[in-house]
Amino acid sequence: MLLPVLVLLLATLPAGADVDEECFEDTFCIETSESDEGIALTVRPLVAWDITLRVDMELTNLTPSRQLPLVVGLGSRLPESLLDLSIEEPGLPWSFSFTFEWITGRLNAQHARSVTYALPYDPGTARTVGQGFNGAISHQGKFAIDWDMPIGTPVRAARSGLVVATEDGYRQGGNDPSLKSRANYVRIRHDDGTIGNYVHMSPGGVRVRVGERVREGAVIGLSGNTGFSTGPHLHFEVYAITKNLERRTIPVEFRTRGRSAQILQEGRAYGH
Ligand SMILES: [Zn+2]
């Protein structure tokens with residue numbers, strides 16, 4: 001179980017700056033360029049995958065070219081115009097400050113309808129679903145699956161994609177909501193822009209690097225019990241990013257022994 005973590009930063013540029021650039025956490029840079037008419041803001045992504053960015057501004061004597069707050073999806077490293085600010089009353093002082101929030105993932109990604117998922121553990125083994133979609137323990141309103149598995153079980157990619165985030169520095173785990181943000185994970189961006197999230201991995205148990213392409217079935221790490229967890233298991237969910245910069249989970253189907261696509265049921269064991 002994992003809640004979205006948003007990074008909030010505030011940057012204020014003094015009036016009179018000509019061209020300035022600020023970069024945020026190795027993820028993107030914002031260039032502000034001043035002319036007689038106003039200020040142009042350009043965003044330059046630093047990462048090769050999608051991020052969703054929300055910009056809000058405090059303006060004095062300036063009119064924005066796009067409605068604020070502005071939510072944009074960035075999908076490449078190419079610089080893009082974000083918006084322009086025009087000076088309302090020339091000769092009078094103007095100022096602006098901006099606030100950014102961002103999250104990794106494509107804005108409103110549409111899950112490819114035909115895609116089914118591989119069970120994320122060794123072929124020939126069967127694992128029991130301890131909690132399914134909308135489960136009562138911690139999956140209320142979420143399309144997430146928990147498989148019971150001993151700590152150290154190899155976790156395999158359920159679908160091919162690009163590794164966009166990993167964490168394996170946390171050591172603690174237990175039935176304590178305050179540990180919610182302290183789970184280890186691997187996040188893999190699929191070709192349709194959705195992200196697969198593999199959670200509660202072992203301390204030091206991630207076997208892939210950010211920026212690496214992985215194929216379905218590849219071992220990506222070892223399962224564990226880190227973060228808010230009632231016992232050793234793997235939590236898996238697929239999500240898209242909403243315009244509120246939230247993670248909207250998607251009900252996905254798995255290929256199991258004898259079935260080409262099925263929604264997994266709580267309390268049942270599945271092998272492949
Ligand atoms: Zn879970």
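Strand S7 (residues 70–74) shows a neat split of its side chains: Leu 70, Val 72 and Leu 74 face one way and are buried, while Val 71 and Gly 73 point to the other face and are not. Buried here means under 20% relative accessible area, with exposed set at over 50% and partly exposed in between, using a 1.4 Å probe and protein chains only. Strands are DSSP runs of E with at least two residues, and helices are runs of H or I with at least four, numbered from the N terminus. In general, side chains in a regular strand alternate between the two faces of the sheet. The model is a predicted one, so to speak of local features takes pLDDT of at least 70, and side-chain atom pairs count only at pLDDT 80 or more, whereas totals for chains, interfaces and linings use all residues. Residues are numbered from 1 along each chain as its sequence is written, and side-chain values use heavy atoms, with hydrogens and water left out.

S7 runs antiparallel to strand S5 (residues 51–60), and five bridges join the two; strands count as paired if DSSP finds at least two bridges between them. Within this pairing, Arg 54 has Val 71 of S7 as its bridge partner.

Both strands also feed the largest nonpolar core, a set of 32 residues in which Phe 28, Ile 30, Leu 41, Leu 53, Leu 82, Phe 98 and Phe 100 have the most contacts. S5 and S7 are among the strands that supply at least two residues each, as are strand S3 (28–34), strand S4 (38–45) and S22. The top contributor is S9, with five residues. A nonpolar core is defined as a set of buried Ala, Val, Leu, Ile, Met, Phe, Trp, Tyr and Cys residues joined through side-chain atoms within 4.5 Å.

For the chain overall, the count is zero helices and 26 strands. Of its 272 residues, 48% are buried, and the C-alpha atoms fill a box of roughly 75 × 40 × 30 Å along the principal axes. Among contacts (heavy atoms within 4.5 Å) between residues at least 6 apart in sequence, 66% join residues at least 24 apart.

Next come the open and closed spaces. On a 1 Å grid over the protein atoms alone, a cavity is a set of points where a 1.4 Å probe fits but cannot get out, and a pocket is an open set with protein on both sides within 12 Å along at least five of seven lines; lining residues have an atom within 4 Å of a point. The second largest pocket has a volume of about 200 Å³. Its lining has 16 residues, with Gln 131, Ile 137, Asp 146, Thr 230 and His 233 the closest to the centre. Strands S11 (126–131), S12 (144–148) and S22 (233–241) each supply at least two of the lining residues.

The structure also holds two cavities of 30 Å³ or more. The second largest takes up about 30 Å³, and its lining includes Phe 133, Phe 143, Phe 236, Glu 237 and Phe 254. S22 gives the most to this lining, with three residues.

Just past S22, Thr 242 sits in the loop before strand S23 (247–249). Thr 242 counts as buried because its relative accessibility is 16%. Leaving aside residues up to four places away in sequence, Thr 242 touches Leu 107, Asn 108 and Arg 248.

Technical notes: Grid points are joined across faces, edges and corners, and a volume is the space filled by probe spheres set on the points.
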